[in-house]
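Please open the structure in your viewer and keep the selection panel at hand, since this tour moves from one selection to the next.

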Amino acid sequence: MGVEIKLTDRELPVSPVYINFLDHLLAKRPFDDAEWSDQTSEALNFGLAEFKRRADAAAPGVMQNPRGRELIGRAYGLLLALLTGDVAPIEALQRRFHFINVIGIPRTGGSYLTAELYLALGLEPRRVPFALAHDGFPEAGPFEMAPAANSWVRSLHTMAEYLCMVELYFAGRAPHQGRIVVPKKLTKGIYAGGFFHRVLGEAVEHILTLRHPVAACVSTYDKSGGLPADGRFTVRSNIEDWCRRDLLYTGCSPEQLAQMDYFDAYLRYWEQYHEYVATTGLSANRQLRVVAYGRERLQQLAGEFHGRYGSRQAPRPFQVSVKAREKHPDWIERSRPALQRVAALWQRVGIPFPLEQVEECW
């Protein structure tokens with residue numbers, strides 16, 4: 001007995017991210033407008049509508065190009081391999097590339113470290129596509145089922161497209177110790193830790209960036225328009241939207257969320273995020289390093305990147321603001337139980353949690 005299932009690009013459409021990437025590649029336009037690495041101008045707003053509009057405009061040209069159709073076919077081939085457990089093409093990529101993922105809740109220094117990795121490898125961050133370097137792609141998050149959308153399938157599909165982008169962008173780069181190094185800011189990696197660990201290879205390196213929840217919360221609301229006047233949680237940026245989504249996923253109702261204190265909502269999001277670090281499969285990888293937020297620690301690690309890859313450059317300065325404890329001393333006490341719970345959980349699965357460094361609250 002044989003069963004044949006046919007899926008087309010109507011059910012599994014090419015992502016706008018991959019279309020825009022191929023449009024640049026086929027037209028031989030440089031990727032020179034990425035601002036993801038700039039600490040001072042990082043925007044946390046939504047820009048999906050304009051991005052999708054550009055992809056819709058570019059799609060006919062990509063599909064009419066034979067090379068474009070070939071590369072779209074390559075992504076669908078890798079998707080099929082992921083769907084069916086055909087490990088051969090995935091293992092071939094693992095033998096060719098060495099992935100270094102910088103993982104942490106937003107506003108913890110991950111963009112800085114990712115940019116320094118690229119500089120250490122001789123690549124200017126502004127010329128590295130946002131989707132290739134930063135945390136929006138591939139997609140991963142709490143499971144969602146909606147009309148014509150299954151988030152698990154979306155994760156598989158965007159991973160297949162990401163791997164194609166890696167093949168294309170890094171083609172011809174010099175290997176280090178036999179493989180081409182691919183840095184990635186992978187904020188969403190915690191939602192599917194085992195998936196990223198197995199697909200990107202047992203030798204994948206994870207760098208976990210860790211920051212006190214009060215300082216991370218202050219940085220988030222500063223970048224999102226300030227602390228709301230009524231002190232209640234609201235959504236104005238991507239990070240706040242991720243916070244809303246994660247709290248709803250674990251049982252908070254929209255009505256409860258609308259009445260929640262801003263910091264209480266953020267602290268619950270912070271704790272959930274760091275619980276996922278320990279429980280979704282990332283801890284299976286012992287090529288894992290934790291760095292607590294702070295100028296000296298982040299610059300020291302960046303300096304190690306430059307030494308490791310022989311760039312002969314000094315790391316760029318990392319900018320930090322006034323300690324958050326000076327703004328919200330009451331939040332420090334409110335956060336202490338969550339910090340202790342996360343530290344205990346990490347230590348239980350073998351992930352070091354530098355509590356004293358985190359409590360500096362930069």
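Begin with strand S4, residues 180–185 of this predicted model, where six of the six residues are buried, so that the strand counts as mostly covered because buried here means under 20% relative accessible area. In a regular strand the side chains alternate between the two faces of the sheet. Colouring S4 by face shows that both of its sides are covered, with Ile180, Val182 and Lys184 buried on one side and Val181, Pro183 and Lys185 buried on the other.

Next, add strand S1, residues 97–103, which runs parallel to S4 and is joined to it by six bridges; within this pairing, Asn101 stands opposite Lys184 of S4.

From here, select Phe170, which, apart from its neighbours within four places in sequence, is in contact with Ile180, Val181, Val182 and Pro183, as well as with Phe97, Tyr118, Leu123 and Leu132. Phe170 also belongs to the largest nonpolar core, a set of 97 residues in which Tyr18, Leu163, Phe170 and Trp346 touch the most other members. Helix H12, residues 262–279, contributes the largest share of this core, with 11 residues. A second, separate core of 17 residues can be selected afterwards, with Tyr112, Tyr293, Leu301 and Ala302 among its members.

Finally, turn to the surface and select Phe143, Met145, Trp152 and Tyr249, which form a nonpolar patch with about 490 Å² of accessible area together. Is Met145, which is found in strand S2 (residues 145–146), buried or exposed? Met145 is exposed, because its relative accessible area is 61%, and exposed means over 50%.

Note on methods. Residues are numbered from 1 along each chain as its sequence is written. This is a predicted model: local features need pLDDT of at least 70, side-chain atom pairs count only at pLDDT 80 or more; totals for chains, interfaces and linings use all residues. Side-chain values use heavy atoms; hydrogens and water are left out. Patches are made of residues with over 30% relative accessible area and no salt bridge: like charges are joined within 9 Å, nonpolar side chains (Val, Leu, Ile, Met, Phe, Trp, Tyr) within 5 Å. Accessible areas come from the Shrake-Rupley method with a 1.4 Å probe; for residues, only the protein chains shown count as cover. A salt bridge is a side-chain nitrogen of Lys or Arg within 4 Å of a carboxyl oxygen of Asp or Glu. Buried means under 20% relative accessible area, exposed over 50%, partly exposed in between (1.4 Å probe, protein chains only). A nonpolar core is a set of buried Ala, Val, Leu, Ile, Met, Phe, Trp, Tyr and Cys residues joined through side-chain atoms within 4.5 Å. Helices (H or I, at least four residues) and strands (E, at least two) are DSSP runs, numbered from the N terminus. Contact means heavy atoms within 4.5 Å. Two strands pair if DSSP finds at least two bridges between them.
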